[in-house]
Structures are given as structure tokens and as C-alpha cells.
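Hi everyone, thanks for making time for this one. I'll put the sequence and the model up, and then walk you through a few things I pulled out of it.

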Amino acid sequence: MESQHKHLLELLRRTAVHGESNSVLIVGPRGAGKTMLLNCVLKELLEVNEVKKNVLLVHLNGLLQTDDRIALKEITRQLHLENVVGDKVFGSFAENLAFLLEALKKGDRSTSRPVLFTLDEFDLFAHHKNQTLLYNLLDISQSAQTPVAVVGLTCRLDVLELLEKRVKSRFSHRQIHLLSPLRFNRYLEIVQQQLSLPSDFPDHKFCEDWNASVKALCEDKSAEAVLQKHFNASKDFRSLHMLLMLALSRVTVSNPAIRPADLLEASRLCTADSKANVLHGLSILELCLIIAMKHLNDIYDGEPFNFQMVHNEFKKFIQRKSHSVHNFEKPVVIKAFEHLQQLELIKPMDGSTAKTQKEYQLVKLMLDHSQIMEALQKYPQCPTDVKQWAVSAFG
């Protein structure tokens with residue numbers, strides 16, 4: 001990453017030292033090292049005393065700052081300007097931002113403190129209404145006002161297509177691409193490095209045994225198959241760390257090394273379907289409602305349905321087939337239906353308004369056939385007639 005590091009450092013140095021505004025996008029897949037590159041550059045930059053005293057950093061994340069109002073509050077907080085803003089009322093977002101940056105100017109008003117804005121998940125800011133935040137930040141970076149550097153981090157190669165014309169025209173179109181050239185044999189080496197103990201470990205004998213067991217693990221065919229599957233799904237080091245952490249947590253005094261079986265179990269936990277797991281904790285009534293919804297999905301080809309339809313389907317089952325499920329009162333069934341909604345296993349449709357009676361609000365099932373069938377297989381003491389109802393074509 002030397003060339004990308006050099007390029008980014010030079011850009012940010014020009015803002016921090018010479019007061020020159022810039023904007024740049026760092027583009028690359030998850031786990032390619034975008035955040036690491038930026039952090040290394042900022043660390044190196046802040047080692048310069050003049051920069052450390054002057055530069056202000058603002059970190060925003062598209063997952064956290066979901067609209068411009070929240071983003072502006074966060075900018076105010078990170079620049080420690082809450083007291084300056086106070087109860088002032090601003091006509092527009094641009095006025096508010098301009099006021100914040102004006103407040104950062106030094107005593108003689110001619111020299112301002114440079115501000116480095118880093119926007120993580122940059123593409124999500126493009127979904128904000130009118131892209132006001134992006135427009136104003138890039139507009140300032142184009143004008144001769146406060147020195148500002150805007151650094152965006154994104155996974156999307158087509159991110160520029162998301163920008164409005166007025167925003168795009170103010171962006172410098174500088175992009176730094178980080179493409180992960182990782183091969184599987186290198187990935188295996190990294191796994192071994194991550195798990196191995198350093199040579200200066202106090203217990204030398206244990207260190208040797210442990211490192212030998214790690215080497216043997218990485219050469220084991222079944223362990224290699226698990227790592228290959230994980231590598232194919234994601235080359236992200238965060239997910240690799242999670243996998244290795246889960247495997248490592250199975251090491252005990254009686255089992256002092258990671259075995260391939262531990263890695264397999266860790267992989268199963270990593271890829272576990274959280275929605276299917278939620279199903280294991282439902283009551284029989286709630287499970288019956290899920291099966292009724294599955295049948296409605298089959299009959300109406302995925303169209304949304306309402307509680308009344310589900311209740312009718314459930315009643316049909318009780319009358320015709322069930323010997324083990326109690327015929328519950330309607331309020332009890334409604335309560336169970338609402339609980340499924342709270343668990344987000346069913347989701348109300350956007351169009352169904354609050355004015356519609358509760359029983360007739362349209363909802364959609366957020367589970368597929370395989371998740372329901374898997375949950376039924378694992379459900380403790382699931383009545384046979386309920387299983388048969390789930391398997392039958394249309395209830």
C-alpha cells in the first residue's frame with residue numbers, strides 16, 4: 001500500500017500544513033485495509049507538532065449518522081462547539097455549517113484551523129435527503145473558506161453514480177483504490193501467524209507445543225476445508241478474528257490445543273442463522289402461526305396477508321387435524337401474533353396505515369421455507385401433527 005499511503009499523506013499534509021482544501025475517496029472491499037490506511041496516515045500526520053496543535057478531526061459514519069440533522073449534531077460535538085451554538089436558530093443546514101466553521105477561526109480571522117472530515121460508509125450519506133451534508137462539505141472544500149479535507153471510505157465502486165450533479169461537480173474526483181490481492185495460501189499463513197505464540201513467551205516448552213499444534217492444524221485437510229469456505233465467503237480479517245476467537249475459546253486444561261473439530265464448531269456458530277435460532281424459542285402457538293403464514297405464502301405466491309387470514313388458517317388446522325394443540329381464544333392468538341412482530345419475524349407492509357384495524361393490517365413473513373423446516377426438526381418435543389401440517393402442500 002506504499003503508493004496509496006504516500007498519495008493520501010501528501011493530500012492531507014497539504015490541508016493540514018498549507019491550508020489547501022481537498023477531497024478524496026478511498027474505495028475497496030471490506031477488510032482491504034481502508035480504515036487501517038487512513039489511521040496510519042493520520043497517526044503519521046499528527047506526529048508533526050504544528051499539525052497536532054492546529055488540525056481538528058471529525059469522524060462520521062453513515063451507519064450512525066443516518067440523517068443530516070444527526071450528522072450536524074455530531075460535528076458540533078466533535079468540534080466542541082455546543083456552547084457556541086447554544087439556542088441559535090438557523091435558516092438552513094448551510095448556514096449552520098458555515099457558522100460552525102466560522103467559530104473555528106483564530107483571533108485575527110484570516111487564518112482558520114484546518115478540519116479533516118472522514119466519512120465512513122460514504123455511500124450511505126448519498127442516500128440522505130438532497131445530499132445536503134455532502135454538498136455543503138464539498139462546496140466548502142472547493143471554496144477559499146476554512147481549509148477542509150473530506151475523506152470518504154466506501155465499498156462501492158459505483159459510488160460516484162449515486163451523487164447528484166451539483167455534488168459531483170464539487171468533488172475533486174480523486175480516488176484511491178485498495179483491491180485485496182489476497183490468495184488462500186497467504187490467508188493460511190496469516191491464520192498461523194495470528195494463532196502462534198511469540199518466541200519470547202515465558203513458558204518456552206508450552207510455546208513450542210502450542211506452535212507445533214497450530215502448524216499441524218493449518219496442515220489438516222478438514223481444518224483447511226473450513227478455512228477455505230470462510231475465505232470464499234469473506235476475506236475480511238474481522239470475521240477471521242471472530243472465527244479464531246470462537247475456536248480458541250474451546251481450549252481448556254484437558255484440551256490444550258485447537259482441534260479441527262473446534263474450528264468446525266466455530267464455523268458453524270459464525271454461520272448460524274439467527275432467525276432460525278429465534279424460532280427454537282417460540283411457543284407451540286407461535287410456531288403454528290408461522291406455519292399458517294408459510295401456507296398462505298404458498299397459496300398466494302408471497303403476497304402479504306393479515307392476521308384474520310392467519311387466524312382462519314390456524315382454525316382450519318385445529319378443526320381438521322390437530323389433536324395436540326389447544327384451541328386458543330382469539331385475544332391470546334392476537335398476543336402471539338404481536339410477539340412475532342416484535343421479534344421481527346413478520347414485518348408490516350409500508351402501505352398499511354395505522355388507521356386500519358389491527359387484525360386487517362397487511363404483513364409479510366420474513367422467513368423462508370428452509371428456515372421454518374430446520375426449526376421444526378430441532379424444536380424440542382414438537383407435536384407430530386404440527387410437523388405433518390408444515391410438510392403438507394397447502395395446509
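Let's begin with contacts along the chain. Taking the contacts in the protein with a separation of 6 or more, 70% are between residues 24 or more positions apart. Please keep in mind that this is a predicted model.

Now the overall build. The protein has 21 helices and 7 strands. Its C-alpha trace spans about 85 × 70 × 35 Å along the principal axes. The radius of gyration is 28 Å, while a compact globule of 395 residues would have one near 21 Å.

On to the surface. About 21,600 Å² of the protein is accessible, and carbon and sulfur atoms hold 54% of that. For those of you who think about electrostatics, there are 48 positive and 46 negative side chains, with the centres of the two sets 3 Å apart.

What about the inside? Of the 395 residues, 43% are buried. As background, nonpolar side chains in soluble globular proteins tend to be buried together. Here the largest nonpolar core has 37 residues, and the ones that touch the most other members are Leu289, Ile290, Met293 and Leu376. Two or more residues each come from helix 17 (284–299), helix 18 (307–320), helix 19 (330–342), strand 7 (363–365), helix 20 (369–378) and helix 21 (384–391). Helix 17 gives the largest share, 9 residues.

If you zoom in on Ile290, which residues is it in contact with, leaving aside neighbours within four places in sequence? They are Leu279, Leu282, Leu340, Leu345, Leu365, Leu367 and Ile372. Apart from this core lies another, of 33 residues, including Ile75, Leu100, Leu119 and Tyr135.

Tyr135 takes us to helix 8, where it is one of the buried residues. Why is helix 8 described as largely enclosed by the rest of the structure? Because 8 of its 11 residues, in the stretch 132–142, are buried. Those are Leu133, Leu134, Tyr135, Asn136, Leu137, Leu138, Ile140 and Ser141.

For contrast, have a look at Lys335 in helix 19. Is Lys335 buried or exposed? It is exposed, because its relative accessible area is 59%, and the cut-off for exposed is over 50%. If you want a distance to try in your viewer, pick Lys335 and His127: they are 208 residues apart along the chain, and their C-alpha atoms are separated by 36 Å.

That's my tour, so over to you for questions.

Technical notes. Residues are numbered from 1 along each chain as its sequence is written. This is a predicted model: local features need pLDDT of at least 70, side-chain atom pairs count only at pLDDT 80 or more; totals for chains, interfaces and linings use all residues. Side-chain values use heavy atoms; hydrogens and water are left out. Helices (H or I, at least four residues) and strands (E, at least two) are DSSP runs, numbered from the N terminus. The radius of gyration is taken over C-alpha atoms; the globule rule is 2.2 Å times the number of residues to the power 0.38. Buried means under 20% relative accessible area, exposed over 50%, partly exposed in between (1.4 Å probe, protein chains only). Contact means heavy atoms within 4.5 Å. Accessible areas come from the Shrake-Rupley method with a 1.4 Å probe; for residues, only the protein chains shown count as cover. Lys and Arg count as positive and Asp and Glu as negative; His and the chain ends are not counted. The place of a charge is taken as NZ of Lys, CZ of Arg, CG of Asp or CD of Glu. A nonpolar core is a set of buried Ala, Val, Leu, Ile, Met, Phe, Trp, Tyr and Cys residues joined through side-chain atoms within 4.5 Å.
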